[in-house]
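Here are my notes for you on this one. Keep the picture open while you read, and tick off the points as you find them.

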Amino acid sequence: MTEAADRSFLFLQGPHGPFLAELGATLAAMGAGVLRIGFNAGDAAEWPDRGRYLPFRAPAAAWPDFLRGVLRGRGVTDLVMYGDARPLHVAAAAIAAAEGVRVHWLEEGYLRPHWITHEIGGVNGASRLIDTPIARIRAAARRIDLPLVPAPDRWGAARAHAWHGAIHHARLLAGWRGYPHWQSHRTPGPAREAWLNARRLLTGPARAVRARIQGRVLRGAGRPYDVVLLQLSHDSAFIRHGPFPTMEDFIAHCITAFAAGAPGQVALVFRTHPFEDMRLPLPAIVRRLARGAGIAARVRLIDGGPLGPLLDGARAAVTVNSTAGQQALWRGLPIAALGRAIYAKPGLASTRPLADFFAEPDPPDPAAYADFRRFLLATTQLPGSFYARAGRRAAVAGLAARLMSGDDPLARLLGAEEEGVANRPRNPAADADGAPARRKAIPRSAALL
């Protein structure tokens, strides 16, 4: 293990709220060097330690030289970032790698909402898992003595997430003069983002009630249905690692394939992301495209609401690369993933054309998914969340320990598999084949995303 005094962590942008500040304080208390570069007034407000804060106020063209100077001048050993689509982060990752600095990526949990993701080198569509064959993952997973427990009960952070987002953008707006060259990586701009976050907070309770009613009506009708798991139109995974230029293109593709392949008695349900702010008029888009395909009576949209009950009654699910696909796989539900996703592998997600999938959905291999899930829990997932207080406490403790240890569980386990290390027995408490039964229930409160 590297001595704490030899470790120096540089943070760029993180999840909205106090998470990075709490993580930095924990690492500093453990003896490591800690520094943060901030790009706007929101970043500054979320990092109260002025002695360990460097503002970047110059034009973006100056960023490479500025960062190299910090990396070399401060003896940085580790770079920590959240959000692999931010242009400044993309440039920083390449610069840090060239300088011999280890690059850590944080992201919302692959098994969200009760875990966060930590990977070295890349996340989502750039993860090392993308090109790792399922057979290799399964071989490594058989050495992991870890039970497949459901997500913890009553530990979600959706409202805390929305609240911290709204506060961040309000602070950004109030202090924009201090960072005159700041440009958001998102298209609406900070004023629009602040308004959209505030509106989502205000309308959230009414939307939740409406979605629950719509879900109950749907399930009570007794008609088979397939679910399309929509992502945010500005989601970096959808944009960078999916084949569709826009969300409307993805919706049109699903409706066309469903009209061509699905049996006539089956309905198609589009379910929005729980943080959807309707910057796109999704209900109108779905209605228009369904009418154009001649299947308006069979298509509907549900704006958020509990995902678990909706999937419990579904026949199949479709997504680009949403982490909600993991909820479908946990239930043994057939799923088609149309973009680059860590679970888009033979035996888990369908590899057939979408119209053929709608005609006859092919279910995943439950034993393969059990191994895959066990492998994720042992490598890329840490318990906790970025937003709610209890979740932050758990995530900070686990992540700080991992960062200080210098461990890369993903490389370690895959490397051990490659070297032919003998398998360890599975946990005897697991099912006989290590897999959850199809439609195995999980706590309703766990199905937040």
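1. Let's start with a pairing in the middle of things. Strand E6 and strand E12 (residues 381-383) run antiparallel and are joined by three bridges. Helices (H or I, at least four residues) and strands (E, at least two) are DSSP runs, numbered from the N terminus, and two strands pair if DSSP finds at least two bridges between them. In E12, Pro 383 is the residue opposite Trp 115.

2. A quick word on what you're looking at. This is a predicted model, where local features need pLDDT of at least 70 and side-chain atom pairs count only at pLDDT 80 or more, while totals for chains, interfaces and linings use all residues. Residues are numbered from 1 along each chain as its sequence is written, and side-chain values use heavy atoms, with hydrogens and water left out.

3. Back to E6, which has another partner. Strand E5 (residues 102-108) runs antiparallel to E6, with five bridges between them. The two make a hairpin, with six residues in between. Look for Trp 105: its bridge partner in E6 is Glu 119.

4. Is E6 buried or exposed? Six of the six residues in E6 (residues 115-120) are buried, so the strand is largely enclosed by the rest of the structure. Buried means under 20% relative accessible area, exposed over 50%, and partly exposed in between (1.4 Å probe, protein chains only). In a regular strand the side chains alternate between the two faces of the sheet. Here, Trp 115, Thr 117 and Glu 119 point one way, Ile 116, His 118 and Ile 120 point the other way, and all are buried.

5. Now the open sheet. Its five strands come in the order E9-E8-E7-E10-E11, with parallel pairing. E9 (299-302) and E11 (335-337) are the edge strands, each pairing on one side only. Between E10 (residues 316-319) and E11 there are three bridges, and Ala 317 stands opposite Ile 335 in E11.

6. Which helices lie across this sheet's strands? Helix H9 (residues 247-261) lies across E7 (225-229), E8 (267-271) and E10, at about 165° to E8. Helix H10 (residues 282-292) lies across E8 and E9, at about 170° to E9. These angles run from 0 to 180 degrees between N-to-C directions, using axes fitted to C-alpha atoms, for helices over the stretch in contact (heavy atoms within 4.5 Å).

7. Next, the greasy parts. A nonpolar core is a set of buried Ala, Val, Leu, Ile, Met, Phe, Trp, Tyr and Cys residues joined through side-chain atoms within 4.5 Å. The largest one has 101 residues, and Leu 10, Phe 19, Leu 23, Ile 37 and Phe 375 touch the most other members. Helix H14 (residues 366-379) gives the most to this core, with seven residues. Leaving out residues up to four places away in sequence, Phe 375 touches eight residues you can click on, including Leu 129, Ile 144 and Leu 414. Another core, of 30 residues, lies apart from it, and Ile 255 and Val 320 are among its members.

8. Don't skip helix H6 (residues 158-174). Its 17 residues reach 25 Å from first C-alpha to last, close to the 24 Å expected at 1.5 Å a residue (that is, 1.5 Å times one less than the number of residues). Among its buried residues are His 161, His 164, His 168 and His 169.

9. Finally, the whole chain. It has 16 helices and 12 strands, and buried residues make up 55% of its 449 residues.
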